[in-house]
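Colleague: Could you walk me through reading an interface between two chains? I would like to start with one pair of side chains and work outward.

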Amino acid sequence: MIEGSREVPLTGLRLEGVRAARGGSDVLHGIDLTVARSELLVVLGPSGAGKSTLLRVVAGLEPATAGRVEIAGRDVTGLRPGRRNVSMVFQSYALFPHLTVGENIAFGPLVRDGGRRRARGRAERAAALVGCAHLLDRRPDQLSGGERQRVALARALVREPDVFLLDEPLSNLDVELRTETRAELRALHDRVGATMVHVTHDQVEALVLGDRIAVLREGRLEQVGTPDEVWRAPVTVFVARFVGSPPMNLLPGDGPLRPPDVAPDNGRLVGFRPEAVSLGPGVDDGQVPATVDRVDVVGEDAHVYLRVGALPVVARVPASGRPATGATVGLTVRWSDVHTFDVATGRRVASP
Amino acid sequence: MLAPYLLGLVALVLVPAAVTLALAFADYDLLRPPVWIGLGNFAELVGDNIFRTALVNSLTFAAFAVPARIAIAFGLALLLHRRAALVGTARTVAALPAAVPEVAYGLLWLWLFNPIYGPINQLLALGGENGLTVFGRTPPQWLTDPIDARAGIVLMSLFTIGETFIILLAVRHALPAEVYDLAAIEDATSWDVFRRITVPLMAPALGLLVLRDTIASLQLSFVPALVVTEGGPPPYATTYLSLFVYRTGFEYLRYGYAAAATVVMLGLTLLAVVAQWRMIRRAQRLYGL
């Protein structure tokens, strides 16, 4: 950057019509995406959606067959990976097995600038930032999964890159460690104020971690928005079903379950989350009778799989008030949280 | 299940090995019964100039051929591990010479080395006058000059690296791709990638292959020396240990003496193996592998 005219770019990363192919078939079909500086964007999608390819295209490890990649206001589309000033954390961590932790972290500074001692100093500072300074002389095979993950993070941090790319960095950790590391990752982001793109298939991780979430499906962006927007106003049926566990109930608009003030319409889908369903022991006035197929108890919660006529409905109720399998219950839906989708396009229809 | 194999092992390897060891301490010419002479054969070996020449020849051959063979196989494996146009063909070409029967391979080189119509010297004489090279030098006399003949045997060995090449290709394939992705992101030069990543990660395999090739080098020189140079040119320029044993045993019918030479040969091999094994172990500890 030119000193003097310090124009601070407001975008950390911008993709314009980016396409990519793998083995002859298209994996990304024209991605337009802007990540603000210091923003943590989570790319969420099922496996095979093209999430990793997206990261690899940004890093330059795979070529974009069309479109433009801009990092910190700089067009990097034609630049090789080493010239893009990005850091990447791989799902496997990609630590060098023959180098110590310190040498692993210092690898980038060493090969770019030379100077073993300076590289070592930078490695020590980066290691301290993620709390793995005590591991510097160990080798990767002497570390636990969580420690390896930290080392990979430190190696990404040592560079002070324009964009951090994280490819499912938490997926190899056990649940407890994942939750803990998730919070640390968020705190780390806030502390260093870096632009981060974090790829995951875990919707909880996306909701907790992201400033914004980009939902990717089969190489296309379904929705880009804050976790609140994605949760409260999913723009497509896919997003509605993918975010939330158990997934949102989606029933035909002319079925027995629909908001009272809406006319039957078989061109619509009515969606409501399992949390919006409450169950009563008997079928009272205004309640719909439902049969209990299966009950999964998850600690304090019970996921109740019901059948209303032939339609499957999931309810999430307190485990203490769960019905028995096979029972007939009265079902009420809190219709204030209803989502309506068009059957043909799968897109959200503004509530009337 | 293993019985036939064990039977073969005992009948074809263990028993002959034991017989060889016993014969090393005897005088035996196939006609008269063996006579125990203690360390007599070994004492004779120490003073035998031909044996000493063969020993030096074998060690020299290993010192030149083994590093060169491994380097070529390693280079080819790194060059040809990616998929690209013609890479498949190139891999086949690299692996093929190892599949040619040894004697046929030797006869082929007899023609290649021929000083008058052999293609190698015709190529070297291109642009020169009176059969000399462009620089006015005499082309190598592969079959008549002692130094050139030794170089020729080493040269022959450089093309039969198919097995080593295929093993190194597989080892290179098994290295994690993400490590190389990371190096690309860190803008490591190809030289840095080679010396800081590829060599250390492949070092265990390379070490074992050097070990294996050193053992094999004692036999590697046998057929070429027998077919192409016939142990010559004088004075015994390409008489290697294996050829020395063969001649002593099957041509001069001194089986006890040949057995003693074989035992020395095996002992030397064992020494080389132990030394290299210790080096490999030390490197592994250094790299924590």
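**From one salt bridge to the whole chain**

Modeller: Happily! Begin with B:D187 and A:R80, whose side chains form a salt bridge, with N to O at 3.0 Å. Keep in mind that this is a predicted model.

Colleague: How many salt bridges are there between chain B and chain A?

Modeller: The count is 5. Polar contacts are tallied by their own rule, which finds 8 residue pairs across the interface, with both residues at pLDDT 80 or more.

Colleague: Which helices of chain B supply at least two residues each to the side that touches chain A?

Modeller: Look at α9 (177-185), α10 (190-220) and α13 (255-287) of chain B. The most comes from α9(B), with 7 residues. As for character, the residues on that side of chain B divide into 12 nonpolar, 7 charged and 1 polar.

Colleague: And what is the area buried between the two chains?

Modeller: About 2100 Å², with carbon and sulfur atoms giving 60%. In terms of residues, 20 of chain B are in contact with 27 of chain A.

Colleague: Now let us step back to the chain itself. What does chain B contain in helices and strands?

Modeller: Chain B has 13 helices and 2 strands, and its C-alpha trace spans about 75 × 60 × 35 Å along the principal axes. For burial, the cut-off is under 20% relative accessible area; 40% of the 289 residues of chain B count as buried. Chain B exposes about 16100 Å², 72% of it supplied by carbon and sulfur atoms.

Colleague: What about contacts between residues at least 6 apart in the sequence of chain B?

Modeller: Of those, 66% join residues at least 24 apart.

How values were computed: Residues numbered from 1 in each chain as written. Chains lettered and ligands numbered in written order. Predicted model: local features only at pLDDT ≥ 70, side-chain atom pairs only at ≥ 80, totals over all residues. Heavy atoms only, no water. Contact = heavy atoms within 4.5 Å. Buried area = accessible area lost by both parts, 1.4 Å probe. Salt bridge = Lys/Arg side-chain N within 4 Å of Asp/Glu carboxyl O. Polar contact = N/O pair within 3.5 Å; in protein donor to acceptor, adjacent residues only side chain to side chain. Helix = DSSP H or I, 4+ residues; strand = E, 2+ residues; numbered from the N terminus. Nonpolar A, V, L, I, M, F, W, Y, C, P; charged D, E, K, R; others polar. Buried < 20%, exposed > 50% of the residue type's maximum accessible area, 1.4 Å probe, protein only. Areas by Shrake-Rupley, 256 points an atom, 1.4 Å probe, with all protein chains shown as cover.
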